[in-house]
Structures are given as structure tokens and as C-alpha cells.
Amino acid sequence: MNGDYPAKRRQLESDGFCILENIIDPQILAQLRTVTDKMLSQQETAHFEAMRSQGSLVSVFDDSFMAKLVAYPPILAALANLGFENPKWGSGFVISKPADSPPLFWHQDARFWDDPVSYTPQIIQCFLMIYLVDTSPENGCLRLIPGSHLKRHPLHDALPDAHGEALGRMENPAHLAYQRAEGEVDVRVKAGDVVMGSARLLHAAHGNRSRQRRTNITLWYYPAFDELPESIQAFLAAKEIPPDWYERNRDLIEPLRPRYEGDAEPIRMNRVPGSALK
Ligand SMILES: O=C(O)CCC(=O)C(=O)O
């Protein structure tokens, strides 16, 4: 076991994130670099213009190798060590900052702000971010605001729904979304570490001022799916995984696929935190 998992679980609940060190084997990392370079080389110029701030946003469904990462035994073992024995998974993206590229805007990724559970420490949806190179403020490491998954921050009101196209294209580089924020911390990692965090946490990334591409793969898990309100389970189970990708990777993905057999209506998606976030 790498590290003190009970302490990491407490940090995940209180600060909204934790770092799982040394999870991805160097050989798999090398394969991931090759696969993601190929995925990125297949994108049109327009994609990179639309995603200037993110760097790229390429779905993991573009390549079957990614199923191996989603179901990678050391990732599932780390989740089990955190107390998540039956996690589910929904989607993921290759987010790659080219050399000499700008910062990623501040945002949070939660979609269930209409449900009271979103205002409690309960674990709902988590990112697992897998960086394929060592990261630092120089080459675009993650930044986040600890505790902002549970506590209102001025950015919540300044950026109510930070997923707009204008932010991706970086139409206004002076925008608050690209600046320093009160309480932010840098998250430096080694290639092979995994940063786990709540979808509700405010996060961003530094620009990449190095000469090397900085690739991250963000995978979205529902670590304690069975404990979620049924309307959220219904919403997640109704989301489609592309059938051809699913069929090719059925053995790996089937145990991680969200399933719901009850009769609750799927929750309405709402990305904007309500007044209950104090
Ligand atoms: O690329 C990064 O460092 C962060 C990615 C991110 O914010 C996300 O996937 O939501």
C-alpha cells in the first residue's frame, strides 16, 4: 500500500482532494504517452483553437487502450484502499497542454447542485487525474482551492458556469478565470501519481512555459455509486457509453458501468451551486 489511505480518505472529504502516489507503472505510462500522442495527432487545428485554455479535450472513447487504464488494477486497488469497493466510471478526457501554452480557467465540474447531497461531505463524483510527465508551476501543474467543494468562494459567484466556449478559446486573457485566486495551492506530482478530487472542487492549471507537452488524462469515477440518491444513479445509468467502444472492452468496463433498475426519474442537470453553498 502506498501511503496512509485512511488519512487520504479524510483529506478527500475535508479538502476535496488527495494524491495517490506512484500508482501507474512506468511501462504503462510509456504506452499512454504513445497512445495519447496518436490521439492528439488526429485532431484538427480547429479543436486546439477551441480548446486553447484546456490544451485539448479528447474523449477516452477515441481509443480502446484507455479501457485498460479505466480498469487498471492498481487504480481499483487504491480506490478499494480508500474504502470504495464498488466504484463506477462514466467518462474521461485527454487534456494536453502544448509547450508554451496558457493557463486552464478556474472551474468546477459538478452537475447535481439541485440535490441536497451536493452540500454535504458525501463523495459523489471524483476526477482521477493522471499526468504523464512530472508537473510543476512551470509546465502547467494543477491548482486547486482546498475545501471549495463545501464552502463558497468568490469565484463561485464570479464564474457561475465556467464551461463556456469563450473561456476555452481564451477570448479575454485578462478574465478573472485565468488569474491567481485566494487560497489556491499548486499540486505538483510525479508522472505515475494520481490526483483524486471532488468534481465540486474549484480547480485550474498553470500555463505550460516548458518546451515539452504536458498531458493529463482525467477519468471520472463515482466511487460510492450505491450510496448516491436514486435520481443521480438513474441519471448516470442513462448516460450512454459508445456501443462499439463498450463492446470491444466489455470485460473490463462491465463491472464499472453505472446500473440502475429502480423507477426514480433522472435528476435534472444543474452545474451552478445554489445558495445552500455557504
Ligand atoms: O489538465 C489539467 O491539469 C486539469 C484538467 C481539468 O481541470 C479537468 O479535467 O477538469
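A residue counts as near a molecule when one of its heavy atoms lies within 4 Å of it. With that cut-off, the ligand here is surrounded by I95, L104, H107, D109, M129, Y131, L142, H203, A205, R214, N216 and T218. The model is predicted, so to speak with its own filters: local features need pLDDT of at least 70, side-chain atom pairs count only at pLDDT 80 or more, and totals for chains, interfaces and linings use all residues. Residues are numbered from 1 along each chain as its sequence is written, and side-chain values use heavy atoms, with hydrogens and water left out.

**The ligand and its shell**

Sorting the shell by class gives six nonpolar, four polar and two charged residues. Here Ala, Val, Leu, Ile, Met, Phe, Trp, Tyr, Cys and Pro count as nonpolar, Asp, Glu, Lys and Arg as charged, and the others, Gly among them, as polar. Three side chains put an N or O atom close enough to a ligand oxygen for a polar contact (a pair of N or O atoms within 3.5 Å):

| Side chain | Distance to a ligand oxygen |
|---|---|
| D109 | 3.2 Å |
| H203 | 3.1 Å |
| R214 | 2.8 Å |

The protein covers 96% of the 300 Å² of accessible area (Shrake-Rupley, 1.4 Å probe) that the ligand has on its own.

Which elements give two or more residues to this shell? They are β4 (104–107), β5 (126–131), β9 (203–205) and β10 (214–222), and the largest share, three residues, comes from β10. Strands are DSSP runs of E with at least two residues, helices are runs of H or I with at least four, and both are numbered from the N terminus.

**The pocket**

The ligand sits in the largest pocket, meaning that more than half of its atoms lie within 2 Å of the pocket's grid points. A pocket is an open set of points on a 1 Å grid over the protein atoms alone, with protein on both sides within 12 Å along at least five of seven lines; lining residues have an atom within 4 Å of a point. This one has a volume of about 870 Å³. Its lining runs to 43 residues, with L57, F93, D109, W220 and R271 nearest the centre. By class that lining has 21 nonpolar, 12 polar and 10 charged residues. β3 (88–97) gives the most, with six residues.

**The cavity**

There is also one cavity of 30 Å³ or more, a cavity being a set of points where a 1.4 Å probe fits but cannot get out. About 40 Å³ of space lies in it, and R111, F112 and R200 are among its lining residues.

Technical notes
Polar contact = N/O pair within 3.5 Å; in protein donor to acceptor, adjacent residues only side chain to side chain. Points joined across faces, edges and corners; volume = space filled by probe spheres on them.
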